[in-house]
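Visitor: Hi! I'm new to this one and would love a quick tour. Could you bring it up on the screen?

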Amino acid sequence: MNEPELRIDLDDFAANLTVVRAHVAPAQLMLIVKDDAYGHGLEQIIRRAVVEGIGWFGAFDVRESLRARRAAGPRARVFSWLTVGRDQIADALSSDIDLGVGDAEFLDDVAAVAGASEETARVHLKIDTGLHRNGIRPEDWPMVVDRARAFERAGRIRVVGVWSHLAEASDQEDDAARGIFDEAVRAAEDAGFALEVRHLAASAASFARPQFRYDLVRVGAFCYGVRSAGGPAEADLGVRPVATLLAPVTHVADHAVSIGVGALHGLPSSLARHAVLAPAQGRIAVEDIGPFHTTVSPWPHAAVGEDVTVFGPDAASATDLAETIGTVGEEILVRVSPLVPRVYRGE
Ligand SMILES: *Cc1c(COP(=O)(O)O)cnc(C)c1O
């Protein structure tokens with residue numbers, strides 16, 4: 001090997017899906033595929049998930065949800081939650097995307113576009129349960145529910161879901177959020193919506209807190225085998241990292257070895273002097289990260305052309321590296337540049 005490579009093991013991914021689904025059942029699993037499926041490649045990931053029987057996909061923006069629709073086929077449900085303009089709403093509706101709606105103006109836009117194109121938009125209303133990122137404030141909820149009900153009667157939308165996202169900062173905050181969520185669901189049901197799905201939890205809460213699962217959980221990280229920073233180990237969760245970043249040894253000197261992966265391939269340069277790689281060769285300290293090469297501590301009989309595992313299931317995980325610089329494993333993964341070829345196993 002003479003360039004870095006991101007190996008994606010789709011059989012390990014499928015095994016993670018089985019574990020996650022068993023854990024959250026009878027709630028269904030929505031596989032989150034934002035950021036090109038956390039850097040794993042949206043198309044390959046979705047195609048395998050469809051084979052494994054996953055019926056819901058969550059993509060952040062409309063562009064990615066259209067890619068998800070093409071990869072998943074016409075029967076899957078694809079959910080997109082970024083608030084966008086009318087052109088993109090039209091694109092989403094013509095591809096049968098479920099829309100997350102977190103403000104009143106966006107609701108008006110969705111209804112207007114649906115009316116103009118004689119379609120019925122499937123809407124999931126988002127209550128702001130404390131994250132204050134996006135979402136209808138509890139004080140505005142009754143007004144928005146009334147508006148949505150009027151649009152539903154007019155045939156422009158169908159409210160099929162109520163959802164929110166948790167801060168996951170503390171159990172108490174999440175409990176308070178769940179109280180607000182339950183009230184919002186009750187108000188929506190009292191208004192007459194026939195809700196198909198209530199969804200609140202992502203990876204951590206869906207595993208740790210059964211009462212947060214409702215009908216559907218939106219899980220990304222754990223399906224890719226990425227544990228939470230500071231959280232339980234992969235083995236305790238029963239999942240395995242799906243991606244392995246490998247880099248070739250490019251130069252060997254007495255006091256240092258160079259490997260062919262660097263900042264322009266997506267390695268955060270702050271990993272230098274913090275991270276330790278833990279491949280078969282032992283423990284290798286990361287000393288300096290240049291644009292295309294990284295200098296690491298030497299090991300006996302290091303040879304040019306040999307592969308070093310930067311992260312992966314049999315070495316340090318992406319989250320292990322992330323913890324040394326105070327970030328999360330997802331960030332290490334989504335930063336792996338498109339310059340690094342993805343090589344799939346089990347396709
Ligand atoms: C990213 C995201 C998720 C999935 O979070 P994980 O911790 O990766 O499982 C779920 N819902 C929303 C709204 C998200 O942005």
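Guide: Happy to! One convention before we start: Ala, Val, Leu, Ile, Met, Phe, Trp, Tyr, Cys and Pro count as nonpolar, Asp, Glu, Lys and Arg as charged, and the others, Gly among them, as polar. Also keep in mind that this is a predicted model.

Visitor: Thanks. So how many residues of each class are in the lining of the largest pocket?

Guide: That lining has 16 nonpolar, 11 charged and six polar residues.

Visitor: And which residues lie nearest the centre of that pocket?

Guide: Of the 33 residues that line the largest pocket, the ones nearest its centre are Lys34, Tyr38, Arg133, His165 and Ala202. The space inside comes to about 880 Å³.

Visitor: Which helices and strands supply at least two residues of its lining?

Guide: Those are α2, α9 (203-208), β9 and α12 (329-334).

Visitor: Where does the ligand sit?

Guide: In the largest pocket, the one we have just been looking at.

Visitor: Which residues are around the ligand?

Guide: The shell is made up of Ile32, Lys34, Tyr38, Trp81, Trp163, His165, Ala202, Ser203, Arg218, Val219, Gly220 and Ala221. By class, seven of the shell residues are nonpolar, three are polar and two are charged. Both α2 (34-38) and β9 (216-219) supply at least two residues of that shell.

Visitor: What lies at short range from the ligand's oxygen atoms, say Lys34 and Tyr38?

Guide: For Lys34, an N or O atom in the side chain is 2.7 Å from an oxygen atom of the ligand. For Tyr38, the corresponding distance from a side-chain N or O atom to a ligand oxygen is 2.6 Å. With Gly220 it is a backbone N or O atom, lying 2.8 Å from an oxygen atom of the ligand. On its own the ligand has 390 Å² of accessible area, and the protein covers 88% of that.

Visitor: Switching topic: how many cavities of 30 Å³ or more are there?

Guide: The count is two. The largest cavity holds about 60 Å³ of space. It is lined by 14 residues, and Gly225, Val226, Pro241, Ala318 and Leu333 are the closest to its centre. That lining has eight nonpolar, four polar and two charged residues.

Visitor: Anything curious in the backbone?

Guide: Two spots, and a bit of background helps: most residues other than glycine have a negative phi, and most peptide bonds are trans. Ala25 and Pro26 are joined by a cis peptide bond, with omega at about 10 degrees. Pro26 is in the loop between α1 (10-24) and β2 (28-32).

Visitor: And the other spot?

Guide: That's Ala37, which is not a glycine yet has a positive phi of about 55 degrees. You'll find Ala37 in helix α2, a helix that also supplies residues to the shell around the ligand.

How values were computed. Residues numbered from 1 in each chain as written. Predicted model: local features only at pLDDT ≥ 70, side-chain atom pairs only at ≥ 80, totals over all residues. Heavy atoms only, no water. Near = heavy atom within 4 Å. Polar contact = N/O pair within 3.5 Å; in protein donor to acceptor, adjacent residues only side chain to side chain. Areas by Shrake-Rupley, 256 points an atom, 1.4 Å probe, with all protein chains shown as cover. 1 Å grid on protein atoms, 1.4 Å probe; cavity = no way out; pocket = protein on both sides within 12 Å on 5 of 7 lines; lining within 4 Å. Sits in = over half its atoms within 2 Å of the grid points. Helix = DSSP H or I, 4+ residues; strand = E, 2+ residues; numbered from the N terminus. Points joined across faces, edges and corners; volume = space filled by probe spheres on them.
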